[in-house]
Amino acid sequence: MSVLVLVLAVSAACCLGLGFVLQQNAAQQAPLSDFLSLRLLLDLMRVPRWLGGLGLMVAGMVLGAVALGKGEISLVEPLLATNLLFALALSRYQTKQPLGRQGWAGLLLLAGGVSAFITAGEPRAGDAVADPLRHWLIIGVVVGVALALTTYAKRSRLNWAAVLLALAAGLLYGVQDALTRVSGTLFSDGGFAELFTNWQPYGVFVCGVTGLVLVQSAFETAPLRMSLPALTAAEPLAGILCGVGFLGDRLRTDTGALAWEAAGLAGVVAGIVLLGMHPAMPCGTTESEPPAHELQRR
């Protein structure tokens with residue numbers, strides 16, 4: 001594994017994790033009338049804390065895009081999932097909660113799962129699949145699932161709708177990562193002329209904006225501990241699916257390797273859930289802050 005890719009991916013995870021916490025701190029105060037609306041972004045743009053979180057998130061996405069340009073998506077995606085470690089670090093600073101057994105168990109499962117998957121799978125580049133039907137099939141399935149989750153969350157308006165929205169956003173971000181990788185290849189081959197005459201960069205923009213609205217709506221309606229684990233778990237799974245499905249990433253497929261890869265991904269998901277549910281994660285508005293339903297009446 002390239003040291004440069006490792007540094008870029010972990011730096012991206014750091015920016016993303018810190019940015020998510022700052023964004024949720026601000027989004028939970030937004031009026032609920034903005035739920036799943038672009039008005040939510042317009043309202044949040046007036047909040048300095050949210051703008052700071054957005055800046056960190058954009059920086060993380062840029063660093064992640066550079067990492068994806070230099071390494072396989074099946075390698076970079078598990079490393080990006082460590083953003084939850086940095087989110088927990090900032091949350092611990094804000095809440096003064098100790099790490100405890102749950103925190104250490106989640107940390108070890110996440111770090112161990114990432115290490116096991118990368119070591120067993122040995123992600124390496126291959127030839128991308130040229131058949132556009134396969135591209136559209138995989139992307140269509142992932143985006144279709146994201147759309148179904150969003151529709152159900154909008155209709156149900158249950159307390160755990162944030163989990164569904166975060167899952168949908170994570171799936172879209174995984175597709176965005178794959179399209180970012182393709183866009184980087186297009187730019188390397190033919191510059192801006194080649195880049196902007198293909199649909200992939202526009203797909204990156206649409207997935208990014210849609211995912212941002214879904215994430216902020218999830219942050220608005222429920223505590224970070226409900227939304228961030230789902231977001232963090234869904235993105236690498238969708239990204240790896242796209243990487244192996246049509247970007248040409250190769251993983252070892254012998255029985256032992258597949259078993260360790262599955263165990264590694266399971267460890268990543270379990271670690272994400274434990275860290276995301278840690279008491280240090282923000283659990284909602286504080287007593288000194290007006291609840292969102294009051295802000296809705298302004």
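So, burial: of the 298 residues in this chain, 51% count as buried. Buried here means under 20% relative accessible area. And keep in mind, everybody, that this is a predicted model.

What about the outside? The chain exposes about 13500 Å², and carbon and sulfur atoms supply 67% of that area.

Okay, what is the chain built from? Twelve helices and zero strands. Read from the N terminus, you just get α after α until you run out. As for the overall size, the radius of gyration is 19 Å, close to the 19 Å that the globule rule gives for 298 residues, so the chain is as compact as a globular protein of that length. If you lay the C-alpha trace along its principal axes, the spans are about 55 × 45 × 35 Å.

Now, who touches whom? Take the contacts between residues at least 6 apart in sequence: 87% of them join residues at least 24 apart.

Let's zoom in on one helix, α10, which covers residues 224–245. Is α10 mostly covered or mostly open? Mostly covered: 17 of its 22 residues are buried. We can also check its length. At 1.5 Å a residue, α10 should span 32 Å, and its end C-alpha atoms are 31 Å apart, so the two agree. And a handy thing to remember when you look at any helix: an α-helix has 3.6 residues a turn, so residues three or four places apart point the same way.

Last bit, charges. The chain has 18 positive and 18 negative ones, and the mean positions of those two sets are 8 Å apart.

Terms used
Residues are numbered from 1 along each chain as its sequence is written. This is a predicted model: local features need pLDDT of at least 70, side-chain atom pairs count only at pLDDT 80 or more; totals for chains, interfaces and linings use all residues. Side-chain values use heavy atoms; hydrogens and water are left out. Helices (H or I, at least four residues) and strands (E, at least two) are DSSP runs, numbered from the N terminus. The radius of gyration is taken over C-alpha atoms; the globule rule is 2.2 Å times the number of residues to the power 0.38. Buried means under 20% relative accessible area, exposed over 50%, partly exposed in between (1.4 Å probe, protein chains only). Contact means heavy atoms within 4.5 Å. Accessible areas come from the Shrake-Rupley method with a 1.4 Å probe; for residues, only the protein chains shown count as cover. Lys and Arg count as positive and Asp and Glu as negative; His and the chain ends are not counted. The place of a charge is taken as NZ of Lys, CZ of Arg, CG of Asp or CD of Glu. The expected span of a helix is 1.5 Å times one less than its number of residues.
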